[in-house]
Amino acid sequence: MKKWLVLLVTVLSLSTVLAACGGGNESGGEGTEVKQEIVVNAMSEPPAIDPALAEDTTSGWVIDHIFEGLYTRDKDGNPVLGVAEDVKVSDDGKTYTFTLREDAKWSDGSQVTAHDFEYAWERVLNPETGSSFAFYLYYIKGAEEYNKGNGTVEDVGIKAVDDRTFEVELTSPLGYFDSLLTLWTFYPVKKDLVESNKNWAAEAEGYISNGPFKMTKWAHDSEVVIEKNDQYYASDVVNLNKVTFKMVNEATTYYQMFKTDELDLIMTLPTDAIDAEKQNEEYHAVPYYGTYMYMLNVEKEPFNNAKVRKAFAMAIDRKALVENVTKGGETPAFGMVPPGAETPDGDFREVGGDYLKEDYDEAKKLLAEGMAEEGWTELPEVTLLYNTSENHKKIAEAVQEMFKKNLGVSIKLANQEWGTYLDTTEQKNYQMARMGWIGIFVDPVVMLDYYLGDSPNNRTGWVNEEFDSLMQQAKVEQDQAKRYQLLHDAEKVLMNDLPFIPVSFYTNTFLTSNEFEDIAYYVNRYPMLKWAKKVSE
């Protein structure tokens, strides 16, 4: 069956969605009915389908389809009102008063209220919840103090005035608050469900949500199934009746499953298949606002030494990696912040420039100096850890060879499944580990936030008071030119200490069946299927 192209992605577009409106099933050729279902590959088991606990893009992909916050996003990825039908902002820019939609319902038909948002946000901030993304709420008055055990929940600036009125008080004006609220951490949860069952989010049975879809099946390590939520206020724009997220980790396997029509959408193509697929009408590469990197544990030898860290960072041939190994349109990374964030002076990355250079002789010199400082006659054994993936393995093997050739260092490789891997790195039980960080919206602050000293996502052990101070100043600075300069200064501090090795800036590669249209491809999330429609069998 030949398939035809429905999407054309440009470098800076959030998504381009062509054609067609309408809902439900439609007649296909010769009076046949098109079955409105899609099967996509999530690659791995979602560690937590709970808005408060999810910290990865796989979990977030499912959650984004089954929940909705005060704001959601349109087809182009721009923030638009979601569960909230109206918002008023005080003259000083600190207080937001949201009016919720009267027709906002949970999937069980009950009303979504302001109290659900109040409960959900307080749950994220509750130290006992252990939310890794609680720091995203620190813009709210009293939130940081409560989360760190230095304040009370009563002091947090969130309040359900009544069932449909939700008030939020910030510590200072925040120009991107609407974009921030599209993150799943800010989604509501149903209080009586959560409090009646501590394992409410572990299975599909009894699961209640408020988004365009609802979860109906979770076969762990196999698949998650979501179906159209008829209680969703805008269910008329939802065309698909069923979405199945498969969990196939091996790239060659899910690639073949796409070729045999077992999967309708796959991403992160096998690197050895990309060249052949670039001329395929079903192939597209989407800019992705994120950084592929190797975290360095500064609390473990040999990366407790700054010169050793820099030596390793200078010994990777990034151009060879993106051209010969990954091949998906990625670009070499010599900083933390990817291209794409426009500032008054131009693109943030272009203005900041490169903080690293690949100089193998200098790298060897720095390595020798670092070893001498530590009194090492031999470099401690190094193991590079990555989460199980065919593509990550190929990159790690290439980097392993580069360290040997360019630095004279032999390292070992190890891999773990995603859930285990997250636990291992959180416990800092590693020396060097692969990680990717995607901005929840396109702004340098969300990329640099990763390395805040008190960020649960910063698993390197690196804490720098100057960096933290610059980031804090940037978050309250209202002059945009000064704000971006503070962020440049913060990135400079980070890149001077190098608790990580930036490798490349992402591009997502996809194969999507041309039987579907109106799939929205965002630069900072996985594809949104809210408007997707199957047009042929």
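Here's a short walk through some strands, a pocket and a cavity in this predicted model.

**Stop one: the strands.** Select residues 95–100, which make up strand E5, and residues 165–169, which make up strand E7. These two pair in the antiparallel sense, with five bridges between them. To see one of those pairings, show Tyr 96 and look across to its bridge partner in E7, Val 168.

Now add residues 158–162, strand E6. E6 also runs antiparallel to E7, and four bridges join the two. Pick out Lys 159 and you'll find Glu 167 of E7 standing opposite. Follow the chain from E6 into E7 and you'll trace a hairpin with two residues between the strands.

**Stop two: the second largest pocket.** Select Tyr 138, Tyr 139, Glu 144, Gln 472 and Lys 475; among the 18 lining residues, these lie nearest the pocket's centre. Then colour helix H3 (143–147) and helix H15 (465–476), the elements that each give two or more residues to the lining. H15 supplies the largest share, five residues. The pocket's volume is about 350 Å³. Colour the lining by class and you get seven nonpolar, four polar and seven charged residues.

**Stop three: a cavity.** The model has three cavities of 30 Å³ or more. Head for the second largest, which holds about 110 Å³ of space. To centre your view, select Asp 64, Thr 72, Arg 73, Tyr 187 and Met 528, the residues nearest its centre out of 13 that line it. What classes make up this lining? Six residues are nonpolar, three polar and four charged.

Key: Residues numbered from 1 in each chain as written. Predicted model: local features only at pLDDT ≥ 70, side-chain atom pairs only at ≥ 80, totals over all residues. Heavy atoms only, no water. 1 Å grid on protein atoms, 1.4 Å probe; cavity = no way out; pocket = protein on both sides within 12 Å on 5 of 7 lines; lining within 4 Å. Points joined across faces, edges and corners; volume = space filled by probe spheres on them. Nonpolar A, V, L, I, M, F, W, Y, C, P; charged D, E, K, R; others polar. Pairing = 2+ DSSP bridges.
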